[in-house]
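Subject: The structure, plus what turned up in it

Hi,

Here is the structure I promised to pass on. Have it open while you read, and my notes come right after it.

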Amino acid sequence: MKRILISGFLGFDNFGDEALLHVLIRDLLSLGVQKQNITVLSRNPDKTRKTYGVNAVNRWDFFDLVYVLLSHDLLIFLGGLFQDKTSFKSFLYYFFQLFIAGISQKIISFYGGGFGPFQRKISQILFNFGMKNVHLLSVRDQVSANLTSGERNILVTCDPVWSITPDYTFQDKIPNINWHLPVLGITMRNDKNLKDYHITNLADKFARVLHSMKDWQALLIPCMPARDLPLLLELQDLIIKRLPDKSRVSLIGNFNQFPIEQQAGILASCDVMVGMRYHGLLVPLINSKPIFAFIFDQKVKSLVEFSGQVGIFYKDDFEQPWSYFWQNLGHSATKAQEAIQKANELHKRNIGLLEFLVKA
């Protein structure tokens, strides 16, 4: 049986990447792979071992990193790793893995990955060079496929998290929310282009919704608490100042302490989701819930187009699409149901890729 190494932005308490890992391990186990043959590169290897029951090593330990790259047969990359918008150093970190695995003739694959954007020419050059060693890959959208220089060994599928099974047994652990009443989910993230007046504008619009829809509650969800909490706390404070009933606005500060399927359950239980976090928007769609997306990156734009939802660039004036969204929630829900059917079929290609890799 092949020894499998998984690399991604793992061990950082980021819901999206941990959900990807959860789905990948689940799919590998369903194909007969044993847990002792799976190793994860993680920022928090102890937690990763405890959570998933697989091997894990410290992603920052250079010697351990090189050792596992050389001692494993198959390297699988998860998520949107190869881009330089967030960090060029991060790009180089993953390119190093791609290069070492390539020259040591390991099998290399991507599992429902996303590529780009590349803001530096050197990033695209290195990426093209490294991709020559990739055996087979699946990507979550056509834009990512277009960045692979016409590779023939590529499958356009969907993000694997479309196949996650939410767990709804969390409700008694969040007493501030009445889950029998409608919930407006809010999942934002910091971005250098997000200014104070954008946040104020958002607070105004959220407060206006809660004023006009008396039974609704707002739930702010930090998909990556270390990065999202400061912004969401500020937004919560601004919304509360605009409402007479402060109890209708809650924030889950311990979101990352729930099991990953319960985190998915929290997101999927929101009747409407508004925000920026890619997987925070994707999971409600699994439960046919409408989303309103603030597009800060190509992956969010691709998700909006795939699922037929409303999305805007938050730097734009969005009064008109905002009003349209709330007046047409039923239409968005129908489009979400159609997206689920498409994603279910596309994820079969992800499974087929894995089966070929582990059994070939």
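Below are notes on the pockets, the one cavity, some salt bridges and two single residues. One thing to keep in mind throughout is that this is a predicted model.

**Pockets**

Let's begin with the largest pocket, which has a volume of about 960 Å³. Its lining is made up of 46 residues. If you want to find the centre on screen, look for Gly80, Gln83, Thr86, Arg189 and Lys299, which lie nearest to it. Several helices feed into this lining: α1 (15-30), α4 (88-103), α6 (142-146), α8 (225-240), α10 (278-286) and α11 (298-307) each give two or more residues. The top contributor is α1, with four residues. As for chemistry, the lining of the largest pocket is a mix of 17 nonpolar, 16 polar and 13 charged residues.

The second largest pocket comes in at about 260 Å³. It has 19 lining residues, and the ones nearest its centre are Asp13, Glu18, Lys47, Thr51 and Asn256. Here the elements giving two or more residues are α1, α2 (45-52) and α9 (260-269). You will recognise α1 from the lining of the largest pocket, but in the second largest pocket α2 gives the most, with four residues. Sorted by class, this lining has six nonpolar, nine polar and four charged residues.

**The cavity**

How many cavities of 30 Å³ or more are there? The count is one, and the space in it is about 30 Å³. Around it sit Leu5, Leu69, His72, Leu74, Leu75, Ala101 and Lys106. By class, five of these lining residues are nonpolar, one is polar and one is charged.

**Salt bridges**

Across the whole structure, the search gives 14 salt bridges. I'll go through three of them here.

Asp27 and Arg26 pair up through their side chains, at 2.9 Å from N to O. The two partners fall into separate burial classes: Asp27 has a relative accessible area of 4%, so it is buried, while Arg26, at 28%, is partly exposed.

Glu319 and Arg208 form another salt bridge, with an N to O distance of 2.8 Å. This pair ties together distant parts of the chain, with Glu319 in helix α12 (residues 319-327) and Arg208 in helix α7 (residues 196-212), 111 residues apart. Are these two buried, partly exposed or exposed? Glu319 is partly exposed at 28% relative accessible area, and Arg208 is also in the partly exposed class, at 42%.

The third is Asp237 with Lys241, at 3.3 Å from N to O. Asp237 is partly exposed, with 37% relative accessibility. Lys241 reaches 61%, and therefore counts as exposed. Going back to Glu319 and Arg208 for a moment, salt bridges with shared partners join them and Lys205 into one network.

**Arg248**

This residue may be worth a look on your screen. Arg248 sits in the loop between α8 and β10 (249-251). Arg248 is buried, yet it has no salt bridge. Which side chain of opposite charge is nearest to Arg248? That is Asp245, 4.9 Å away, and a salt bridge needs the nitrogen within 4 Å of a carboxyl oxygen, so the pair does not qualify. Setting aside neighbours within four places in sequence, Arg248 is in contact with Leu210, Met213, Lys214, Asp215, Trp216, Gln217 and Ala218.

**Leu136**

Finally, there is Leu136, in strand β6 (residues 136-139). Its relative accessibility is 17%, so Leu136 counts as buried. How far apart are Leu136 and Leu353 in sequence and in space? They are 217 residues apart along the chain, but 7.5 Å apart from C-alpha to C-alpha. Leu353 is also one of the residues that Leu136 touches. Leaving out residues up to four places away in sequence, the full set is Ile108, Ser109, Phe110, Asn153, Leu353, Phe356 and Leu357.

That's everything from my side.

Cheers

Terms used: Residues are numbered from 1 along each chain as its sequence is written. This is a predicted model: local features need pLDDT of at least 70, side-chain atom pairs count only at pLDDT 80 or more; totals for chains, interfaces and linings use all residues. Side-chain values use heavy atoms; hydrogens and water are left out. On a 1 Å grid over the protein atoms alone, a cavity is a set of points where a 1.4 Å probe fits but cannot get out, and a pocket is an open set with protein on both sides within 12 Å along at least five of seven lines; lining residues have an atom within 4 Å of a point. Grid points are joined across faces, edges and corners, and a volume is the space filled by probe spheres set on the points. Ala, Val, Leu, Ile, Met, Phe, Trp, Tyr, Cys and Pro count as nonpolar, Asp, Glu, Lys and Arg as charged, and the others, Gly among them, as polar. Buried means under 20% relative accessible area, exposed over 50%, partly exposed in between (1.4 Å probe, protein chains only). Lys and Arg count as positive and Asp and Glu as negative; His and the chain ends are not counted. Contact means heavy atoms within 4.5 Å.
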